[in-house]
Amino acid sequence: MAKRKKPINFDSKRLYYSIKEVAEHFAVNMSLLRFWEKEFPNINPKKTKGGTRYYTKDDVKEVAIVYRLVKEKGLTLDGARQALKTNKTAEDIRVETLMRLQNLRKELLQLEEEFNNLHQQQKYNKTTSKE
């Protein structure tokens, strides 16, 4: 599986993400996202009058589906289009599950860090109370 540079924090209350943030999330060029917009009608970010693209969480989810089909599974663009037509719901479920698992992993790592900090504090408190 390809390594992602900077995962987007979907826990925040932000509604829109820039094309740069989305590109960094998937470790692809911004031009590839613009290309996929033309090739896949399900990728449709909001655009300002100046042409600046803003992706919603749903848009990022659609990009994740295409990314998985093209980059991870190695399908051609035609193959990815066909897979989206025939198996859209299964891909949605897979991507949503993957995102949930990534969020769960992040939460578990945070809990582990908090536990380690508490454990270190407890060790310190026992050491200082003995003196």
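This is a short tour of the structure above, one selection at a time. Keep in mind that you're looking at a predicted model.

**Stop 1: the whole chain**

Start with everything shown as a cartoon. The protein chain has four helices and three strands. Follow the chain from the N terminus and you'll meet them in the order β-α-α-β-β-α-α. Now switch on the surface: about 9,400 Å² of the protein chain is accessible, and carbon and sulfur atoms account for 52% of that. Of the 131 residues here, 29% are buried. If you like contacts, take the ones between residues at least 6 apart in sequence: 51% of these join residues at least 24 apart.

**Stop 2: the core**

Hide the surface and select Val22, Phe26, Leu33, Trp36, Phe40, Tyr55 and Val63. These residues have the most contacts inside the largest nonpolar core, a set of 26 residues. Which elements give two or more residues to this core? They are α1 (19-26), α2 (30-39), α3 (57-72) and α4. The biggest giver is α3, with eight residues.

**Stop 3: helix α3**

Select α3 next, since 12 of its 16 residues are buried, so the rest of the structure largely encloses this helix. Among the buried ones you can click on are Asp59, Lys61, Val63, Ile65 and Leu69. Notice that the buried list for α3 also takes in Glu62 and Arg68.

Now pick Tyr67, which is in α3 too. Is tyrosine 67 buried or exposed? Its relative accessible area is 3%, and the cut-off for buried is under 20%, so tyrosine 67 counts as buried. Try a distance label from its C-alpha atom to the C-alpha of tryptophan 36: you should get 9.5 Å, although the two residues are 31 apart along the chain.

Before moving on, step just past the end of α3 to glycine 74, where phi is positive, at about 80°.

**Stop 4: a patch on helix α4**

Bring the surface back and select Leu101, Leu104, Leu108 and Leu111. Together they form a nonpolar patch on the surface, with about 390 Å² of accessible area. Zoom in on leucine 104, which lies in helix α4, residues 77-130. How does leucine 104 count, given its 43% relative accessibility? Exposed would need over 50% and buried under 20%, so leucine 104 falls in between and is partly exposed.

To finish, show two residues together: tyrosine 67, buried in the model, and leucine 104, partly exposed.

Notes
Residues are numbered from 1 along each chain as its sequence is written. This is a predicted model: local features need pLDDT of at least 70, side-chain atom pairs count only at pLDDT 80 or more; totals for chains, interfaces and linings use all residues. Side-chain values use heavy atoms; hydrogens and water are left out. Patches are made of residues with over 30% relative accessible area and no salt bridge: like charges are joined within 9 Å, nonpolar side chains (Val, Leu, Ile, Met, Phe, Trp, Tyr) within 5 Å. Accessible areas come from the Shrake-Rupley method with a 1.4 Å probe; for residues, only the protein chains shown count as cover. A salt bridge is a side-chain nitrogen of Lys or Arg within 4 Å of a carboxyl oxygen of Asp or Glu. Buried means under 20% relative accessible area, exposed over 50%, partly exposed in between (1.4 Å probe, protein chains only). A nonpolar core is a set of buried Ala, Val, Leu, Ile, Met, Phe, Trp, Tyr and Cys residues joined through side-chain atoms within 4.5 Å. Contact means heavy atoms within 4.5 Å.
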